[in-house]
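Student: I am new to this one. Can we go through it with short questions?
Tutor: Yes. Take a look first.

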Amino acid sequence: MIARYGEPPSAARRYTLRPGVYAILPRDGALLLTHQDAPEPEFQLPGGGLDPGEHPLAALHREVFEETGWRIGQPRRLGAFRRFVYMPDYDLWAEKLCVIYTARPIRRLSDPTEPGHIAVWMPPVVAMEALGNAGDRAFVRRHAY
């Protein structure tokens, strides 16, 4: 059984399954997060949805780079959770299947290439409060130390 965080699904809505990959990225006592300014400003674990036919690890490397500018290494799968949310960028209600990894931030290659994102280093205890969704916070609480 995969844990669910956030609002329960509504029987009146049709949800589109959106698998995604996200990373807890510890280095020197801090976590590398991304801050997204729209549609709502929030701190997030770097990551995102898989493109059609894309392997999850390829998506993880791509998404982390786009949202932070960092190259990562040694990804290891920690688990998964679901959440049911409206995605205004796609104008759809989604069942997000969020697979969480941990990985090592290896090297900063550039600024984030994803518009509206900035890379932020944050102590895990602060990240546990700042992250924008309960699933991310729960995984950081369990796995960031």
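Student: Which residues form one aromatic cluster?
Tutor: They are Tyr15, Phe84, Tyr86 and Trp93. Keep in mind that this is a predicted model.

Student: Why is the pair of Tyr5 and Phe81 called edge-to-face?
Tutor: Rings pair if their centres lie within 6.5 Å, and planes over 60 degrees apart count as edge-to-face. Tyr5 and Phe81 are 5.4 Å apart, centre to centre, with 90 degrees between the planes. Both conditions are met, so the name fits.

Student: What parts does this pair tie together?
Tutor: Tyr5 is in the loop between strands S1 and S2, and Phe81 is in strand S7. The pair therefore links parts 76 residues apart in sequence.

Student: Is Phe81 buried or exposed?
Tutor: Buried means under 20% relative accessible area. Phe81 has 0% relative accessibility, so Phe81 counts as buried.

Student: What makes the pair of Phe81 and Phe139 tilted?
Tutor: Under 30 degrees would be stacked, and over 60 edge-to-face. Phe81 and Phe139 have 35 degrees between the planes, at 5.9 Å centre to centre. That angle falls under neither, so the pair is tilted. Phe139 lies in helix H3, so this pair ties together parts 58 residues apart in sequence. Phe139 is buried as well.

Student: How do you know that a charge sits over the ring of Phe139?
Tutor: The distance limit is 6 Å from the ring centre. The charged end of Arg142 is 4.8 Å from the centre of the Phe139 ring, and sits over that ring.

Definitions and conventions. Residues are numbered from 1 along each chain as its sequence is written. This is a predicted model: local features need pLDDT of at least 70, side-chain atom pairs count only at pLDDT 80 or more; totals for chains, interfaces and linings use all residues. Side-chain values use heavy atoms; hydrogens and water are left out. Rings of Phe, Tyr and Trp (its six-membered ring) pair if their centres lie within 6.5 Å; planes under 30 degrees apart count as stacked, over 60 as edge-to-face and the rest as tilted. Helices (H or I, at least four residues) and strands (E, at least two) are DSSP runs, numbered from the N terminus. Buried means under 20% relative accessible area, exposed over 50%, partly exposed in between (1.4 Å probe, protein chains only). A charge sits over a ring if NZ of Lys or CZ of Arg is within 6 Å of the ring centre and within 35 degrees of the ring normal.
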